[in-house]
Structures are given as C-alpha cells and as structure tokens.
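Biologist: I'm new to this one, so please pick a single part and take me through it slowly. Plain words are fine, but tell me what your terms mean as you go.

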Amino acid sequence: MSHLLIVDDEAKIREVIKEYAEFHGHIVTEADDGATALSLVKEKDYDLIIMDVMMPKLDGFSACREIRKVKDIPVIMLSARGEEYDKLFGFELGIDDYVVKPFSPKELMARVNAVLSRRGGADPAASSVLKFDGLEINIPAHTVTVDGQKVDLTPKEYELLFYLVQNKNIALSRDKLLSDIWGYSFFGDDRTIDTHIKNLRNSLGPYRDHIVTLRGVGYKFEG
C-alpha cells in the first residue's frame, strides 16, 4: 500500500484519480495548489505525487522544483499541454512521467504502478506476473506472453486486457469499458470495444476463450 499525494486545482479530476487510486489499494491525500502540496511534503512523507502543471499560487513545475530541494519523491505530471518542450522541461526537473489531459484513469494507475515499481515502492500485488494456463501478464513490464512467446499488443489492447483481468469473473458492460478505458471525453461506440476485443482474442491465440462474450451486456475475463 502506497501513499499518494494528488495535486490539482480541479476537484473533479482529484475525485476521479482518488477513486481509482483507492480501488488499487493506495492511500490518498489531496491538495488544490502547489503551495499546499509543498507544505504537506515538508510535514509528511509520500510515496508518489501526481501533480497538475497549471495551478494557482504555485504551478506544478515550480512546486516540483521546490519539493526536490527537501525530498526525493517520484512525480507524475499532468498537463493539458502536450508540446515536446513542456515534456522535456518536466523531465529536466526530474519528474518520472508526464501524462497529457484528457487521460485514462486506468492508464494513469498503470503508470503509477510502473513508477512505484522502479522506485521499489510498488504494492506486491500490482507487481506480480499474472498467470492463466500458458498466458502470462506482467503488469509493471507491460508485457504479455503466450506459451512463452511475447505477443505485441497496442497500448489500448494491453490496457483493456489488464482491466478485464483485474476485474476477472465480473460482467463489464461496453459502456463501462468505454468510459473507464477510453475516458468520458471519447466519442466512440460499441464497435470500438468489439474491434479491440476481436484483436485481443487473436493475439491470445489458444487462450482467447478466457475472454467471454455476454450477449446484450458486454464481456468478462474468466480466470
């Protein structure tokens, strides 16, 4: 279990990240600006900080610079700006990852686990290799093997598989898959899910039947 500090001036974004982080077993503390985050870091230790760039009082980049002076805490930056300059500037400050808004909460959690794993603070359950017969899913490494052979998946196919496995034996509607993986801002339909499921099954080969179609509902992963 890791303690995350979520820093964003938009309460809705903090709420969504907190919901997913707590679902993954993390403890969450919130701050609505960089100055508050800096004060919290001086008072308490955190395993990882998720911080927006554009905030009042003290922006994310400035807050990261000041935090680095007092503690070495991994930071994932959030920003609506996806320009290369901003990303490079962030990495020069020492951030661990950069996520562009709008983002998938599931992808963000995968990045959180990856950063924690590199820093040696990931939850053991999140760092494990999941095995189903000859199908192996290495979550922190983002790799999938079938009978020992690595299969190439697109980022969305991997995210979809991880989500299905994490919720194994639970019926998941197409609408839920769309909102949780593609995000609320995605304008797609059921065919988006069906196409990705078809491609995912083809990649899983002999273990394709682990993904079960629920007529009129959606899909589930049977482990």
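**The open sheet and its surroundings**

Modeller: Let's start with one pair: I50 stands opposite I76 in β4. Before going on, keep in mind that this is a predicted model, where local features need pLDDT of at least 70 and side-chain atom pairs count only at pLDDT 80 or more, while totals for chains, interfaces and linings use all residues. Residues are numbered from 1 along each chain as its sequence is written, and side-chain values use heavy atoms, with hydrogens and water left out.

Now the strands around that pair. β3 (residues 48–52) and β4 (residues 75–79) run parallel and are joined by four bridges; two strands pair if DSSP finds at least two bridges between them. Strands (E, at least two residues) and helices (H or I, at least four) are DSSP runs, numbered from the N terminus.

Zooming out, β3 and β4 belong to an open sheet of five strands with parallel pairing, in the order β2-β1-β3-β4-β5. The edges are β2 (27–31) and β5 (97–100), and each has a single partner strand, so one side of each is left without a neighbour in the sheet. On average, neighbouring strands here are turned by 20° against each other, direction ignored.

What lies on the sheet? Helix α1 (residues 11–23) lies across β1 (3–7), β2, β3 and β4, and runs at about 165° to β2. Axes are lines fitted to C-alpha atoms, for helices over the stretch in contact, and angles run from 0 to 180 degrees between N-to-C directions.

There's a helix pair to look at too. Helix α2 (residues 34–43) packs with helix α3 (residues 60–70) at an angle of about 10°, their axes 9 Å apart. That makes α2 roughly parallel to α3, a label for angles under 35 degrees (over 145 is roughly antiparallel, 65 to 115 roughly perpendicular, the rest oblique). G34, L38 and V41 of α2 make the contact with A63, E66, I67 and V70 of α3, where contact means heavy atoms within 4.5 Å.

Finally, follow the chain into the loop between β3 and α3, where you'll find K57. K57 isn't a glycine, yet it has a positive phi of about 70°. K57 counts as exposed, at 73% relative accessibility; exposed is over 50% relative accessible area, buried under 20%, partly exposed in between (1.4 Å probe, protein chains only). Past the edge strand β5, P102 sits in the loop between β5 and α5 (105–119), and the peptide bond from K101 to P102 is cis, with omega near -5°.
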